[in-house]
Structure formats: structure tokens, C-alpha cells
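Open the model in your viewer and keep the selection box at hand. The stops below go from the interior to the surface.

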Amino acid sequence: MGQVLITLMSMPLQHVLVAKVNGANAFSVAEYVMTTMLLLSRRINKSDNALRTHKAELSGTSLPGFSTTYELNGHELRGKTLAILGLGKIGQQLVTLAEAFGMHVIGYDPYIKNSPVKLYAELNDIYPLADFLSVNMPLTPETKNMITTKELSLMKPTAYIINSARGGIINEPDLADALNHDQLAGAAIDSFNPEPPAPDNPLFTSKNTVLTSHIAGTTKEANAALGIGAAQAIIDFSNGKLPQFPVNPDVFAN
């Protein structure tokens, strides 16, 4: 997600102003999605593992031939369709990066008013079109278990799914099962349900899966931007000014 909440106290307690630092890590998360799409589509991890595993076979061989033998030649992002679920600050930043790679970008977001890409009104219409599916929505009662076996079965077997948002949106056992039965080409997962993941989480043993430790939005630059944004909100409040992203501005007015 692209925001952090801070509370600015003005006693009594019922007059607590809550402000957001909105979008400070949007680029960081969008960059993570691009990174993992490249890792998956170019089979970087598979190539690294193959070289290490078969190093004794390399002498006198052609590396291009080795790559062909072990199916290490991947695909370009150019010309592929990226479907983004959630077109907030992160999703819109992702549109910019993906289009720079020559990707065709579509999206789903029932709450956005102005979208930089074509939006689909029905989720089931977008799944079959995606070569890559990026989840960038909050976890809410509406989005919990939004993607299960039913939705995954609508996707291409050559498609990849990336979740840099929240665990619980994608049903993890269903995703692992789809990956292990080659119903999807691969996945990158940065957050889990529960978090941290249990040792028996099925994604630990699923095929073609990149797992990361909730790092999408925590680059050094993003953390610095979050800190600066929080400090600015405190400064604004101390100077009698409404912070840029208030959650309950009515408290400030009172």
C-alpha cells in the first residue's frame, strides 16, 4: 500500500486528528512489480539455479545451447498485457513504468473516476486477458479471498500473478494448487495471510514462485519519503495548518 497513518493529538482525546502520508512508496511498489515481472518472464531464477546445479556440464558447451536444453529462454514484456487491480497512486505509477516497456495496460477499479487506461467493469472479464496480473488493492471485506480457484481458472496457463498489496486477497492454497498443476506460469508474492507466513504455507513449495518479505514498499528512498511526509504533517499541524492528507478534517475545523 502507498500510505501510512499518523495521529496528531489535540486534547481532549476526541479531538485527535489523523493524517495520511499518501503515495510516498508508490514508485517503490510499482518498481517491485516490474522487477518481479522481469524475473519471472526472463526466467532469471531458473537460469541461476540451472547454472549452479549443472556447472560440471558447462565445460566445452555452448551457453545458448545450454539455455535451450534447460528451457531458460524467456519472454519480453513488450507487447504483453498487464492487468492492474487497483488504480490508485501505485497502480497509476505502474501504468507509467509498464507502458515504457511497451506493455498494453488495462485495469479494474470501481472507485476511480479518471483512469489512464481502459477499465473493465467486471473482474471476470479481465482475468482471461492478462499475461500479467498485478494486485494493488487494499484488503477489505470486499476483496478478501477475491481471487480463488474459480478466478485463477479463468487465466491463461502462460500468465503470471504478482501480489504486492496485502495477503488474504488471493487464496494462497488455491494459488499454490494452480501453480503446481501448471494452470499458471508463475507468481511473485510479497505479503501473506497470516503474516509472517506459517512454515506449512503451500506457497513455500509451489512451482515458479518468487517469495519476498514484504519489501515492495520499503526501499530506503520510500522509507525516507514516509518519514519526511510524517514530519511535514506534524509541522503543518503545529503551525495551525491542515496537513495535506487528513483522514478526519472535521476535527481540525473544531
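What follows is a list of selections in a predicted model, with a note on what each one shows.

**Strand E3**

Start by selecting residues 81-85, which form strand E3. Are the residues of E3 buried or exposed? Five of the five are buried, so the strand is largely enclosed by the rest of the structure. Show the side chains next. Thr-81, Ala-83 and Leu-85 point one way from E3, while Leu-82 and Ile-84 point the other way. Residues on both sides of the strand are buried.

**The neighbours of E3**

Add residues 104-108, strand E4. E3 and E4 run parallel and are joined by five bridges. Centre on Leu-82 to find Val-105 of E4 standing opposite. To follow the chain between these two strands, select residues 89-100, which make up helix H4. The path leaves E3, passes through H4 and arrives at E4, a β-α-β crossover that is right-handed.

Now add residues 132-135, strand E6. E6 is also parallel to E3, with four bridges between them. Here Leu-85 has Val-135 as its bridge partner.

**The largest nonpolar core**

Stay on Leu-85 and show what surrounds this residue. Leaving aside residues up to four places away in sequence, Leu-85 touches Tyr-108, Leu-123, Ile-126, Tyr-127, Leu-133, Ser-134, Val-135, Asn-136, Met-137, Met-146 and Ile-147.

Which members of the largest nonpolar core touch the most other members? Select Leu-85, Ile-147 and Leu-175: these three do, out of 30 residues in that core. Colour the contributing elements next. Strands E3, E4, E6 and E8 (186-189) and helices H5 (123-126) and H7 (172-180) each supply at least two residues. H7 gives the most, four residues.

A second core, separate from the largest one, has 28 residues. To locate this second core, select Leu-82, Ile-84, Val-105 and Ala-216, which are among its members. Two of these names are familiar from E3: Leu-82 and Ile-84 share a side of that strand, and Leu-85 points the other way.

**Salt bridges**

Side chains of opposite charge can pair when their charged atoms come close. How many salt bridges does a search of the whole structure find? The search finds four, and the tour stops at some of them.

Select Asp-48 and Arg-52. Their closest N and O atoms are 2.9 Å apart, in a salt bridge. Both residues belong to helix H2 (residues 44-53) and sit four residues apart, about one turn of the helix. Arg-52 is exposed, with a relative accessible area of 56%, whereas Asp-48 is partly exposed at 37%.

Move to Glu-76 and Arg-78. Their side chains meet in a salt bridge with an N to O distance of 2.9 Å. Glu-76 is partly exposed, its relative accessible area being 44%, and Arg-78 is exposed at 57%.

Finish with Asp-182 and Lys-207, a salt bridge whose closest N and O atoms are 2.7 Å apart. Asp-182 lies in the loop between H7 and E8, and Lys-207 in the loop between E8 and strand E9 (209-211), so the pair ties together parts that are 25 residues apart in sequence. Asp-182 counts as partly exposed, at 45% relative accessibility. Lys-207 is partly exposed as well, at 34%.

Terms used. Residues numbered from 1 in each chain as written. Predicted model: local features only at pLDDT ≥ 70, side-chain atom pairs only at ≥ 80, totals over all residues. Heavy atoms only, no water. Core = buried A, V, L, I, M, F, W, Y, C linked by side-chain atoms within 4.5 Å. Buried < 20%, exposed > 50% of the residue type's maximum accessible area, 1.4 Å probe, protein only. Contact = heavy atoms within 4.5 Å. Pairing = 2+ DSSP bridges. Right-handed = clockwise from strand over helix to strand, strands pointing away.
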